[in-house]
Amino acid sequence: MPAGRPTKYKPEYCDEIVSYVHSEKYSSLEGFCAKIGICYDTCKEWVKVYPEFSAAVKRAKAVLAARSIERLMKCADEGAGNATANIFAVKNLADDWKDKTQAELTGANGGAIQHTITGLRLTPLTQDGDD
């Protein structure tokens, strides 16, 4: 029999998390966690363990991303609101709005990086008592 505290997970949380982000004007996954009395780390663990909850969280994130994109477009059109906050939210929620940085390291002419060790002096090891 496994030891430890029983999980607080309930299958109905799948529908509740999506309803929560639809109904609350300033909702977040963290807000839902606070509402049901768990920490966000527990939510992330449930995403790994319960496939149906993982799918629900993805749907909730899509709702949050869409709302942030709408707010961002409103900022662009009307000049009202906080564009920086909305850009930040969108980049953290929407998969196709990420900043991408890619770095490649190569040697001359795209070849392998050459390594050279200089100034190395080898001395023989001595046995105890040999000074």
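Helices here are DSSP runs of H or I, at least four residues long, numbered from the N terminus. On that basis S68 lies in helix 4, which is a useful element around which to organise a tour of this predicted model.

**Stop 1: helix 4 and helix 5**

Select residues 51-78, which form helix 4, together with residues 83-93, which form helix 5. The two axes approach within 9 Å and cross at roughly 150°. Angles over 145 degrees count as roughly antiparallel, so helix 4 is roughly antiparallel to helix 5. The crossing of this pair is left-handed.

Next, display the side chains where the two helices meet. Helix 4 contributes K61, L64, A65, S68, I69, R71, L72 and C75. From helix 5, the residues in contact are A83, N86, I87, A89, V90 and L93. Sorted by class, the contact of helix 4 with helix 5 comprises 10 nonpolar, two polar and two charged residues.

**Stop 2: S68 and N86**

Centre the view on S68, in helix 4. Is S68 buried or exposed? Its relative accessible area is 5%, and S68 therefore counts as buried, the limit being under 20%. Leaving aside residues up to four places away in sequence, S68 touches N86, A89, V90 and L93.

Move across to N86, which belongs to helix 5. N86 is buried as well, with a relative accessible area of 10%. With residues up to four places away in sequence again left out, N86 touches S68, R71, L72 and C75. S68 and N86 thus appear in each other's list of neighbours.

**Stop 3: helix 1 against helix 4**

Keep helix 4 displayed and add helix 1, residues 13-23. How do the axes of helix 1 and helix 4 cross? They come within 8 Å and cross at roughly 5°, which makes helix 1 roughly parallel to helix 4.

On the helix 1 side, select Y13, C14, I17, V18, V21 and H22. They meet E52, F53, A56, V57, R59, A60, V63, L64 and R67 of helix 4. This contact of helix 1 with helix 4 divides into 11 nonpolar, one polar and three charged residues. L64 is listed in the contact with helix 1 and also in the contact with helix 5.

Before leaving helix 1, step back to E12, in the segment that precedes helix 1. E12 has 41% relative accessibility and so counts as partly exposed. A C-alpha to C-alpha distance drawn from E12 to E45 gives 17 Å, for a pair 33 residues apart in sequence.

**Stop 4: helix 3 against helix 4**

Now select helix 3, residues 40-49. The axes of helix 3 and helix 4 come within 5 Å and cross at roughly 120°, an angle that makes helix 3 oblique to helix 4. The crossing is left-handed.

For the side chains, choose C43, W46, V47 and V49 in helix 3, which meet P51, F53, S54 and V57 in helix 4. The residues of this contact of helix 3 with helix 4 are seven nonpolar, one polar and no charged. F53 and V57 take part here and are also listed in the contact with helix 1.

**Stop 5: helix 2 and its two sides**

Select helix 2, residues 29-36, and colour L29, F32, C33 and I36, which are buried. Viewed down the axis of helix 2, these buried residues fall within an arc of 100°, so they line one face of the helix. Among the elements that cover them are helix 1, helix 3 and helix 4. Rotate to the face turned away from the buried side to find the exposed residues A34 and K35.

Just after helix 2 comes G37, with a positive phi of about 80°. In the loop between helix 2 and helix 3, select C39, which is partly exposed at a relative accessible area of 41%. From C39 to L122, 83 residues apart along the chain, the C-alpha atoms are separated by 57 Å.

**Stop 6: N109**

Finish in the segment after helix 5, where N109 is found. What is the sign of phi at N109? It is positive, about 55°, although N109 is not a glycine. Most residues other than glycine have a negative phi. With 86% relative accessibility, N109 counts as exposed.

Definitions and conventions: Residues numbered from 1 in each chain as written. Predicted model: local features only at pLDDT ≥ 70, side-chain atom pairs only at ≥ 80, totals over all residues. Heavy atoms only, no water. Axes fitted to C-alpha atoms, helices over the stretch in contact; angles between N-to-C directions. Parallel < 35°, antiparallel > 145°, perpendicular 65-115°, else oblique. Left-handed = near helix turned anticlockwise from the far one by under 90°. Contact = heavy atoms within 4.5 Å. Nonpolar A, V, L, I, M, F, W, Y, C, P; charged D, E, K, R; others polar. Buried < 20%, exposed > 50% of the residue type's maximum accessible area, 1.4 Å probe, protein only. Arc of directions from axis to C-beta.
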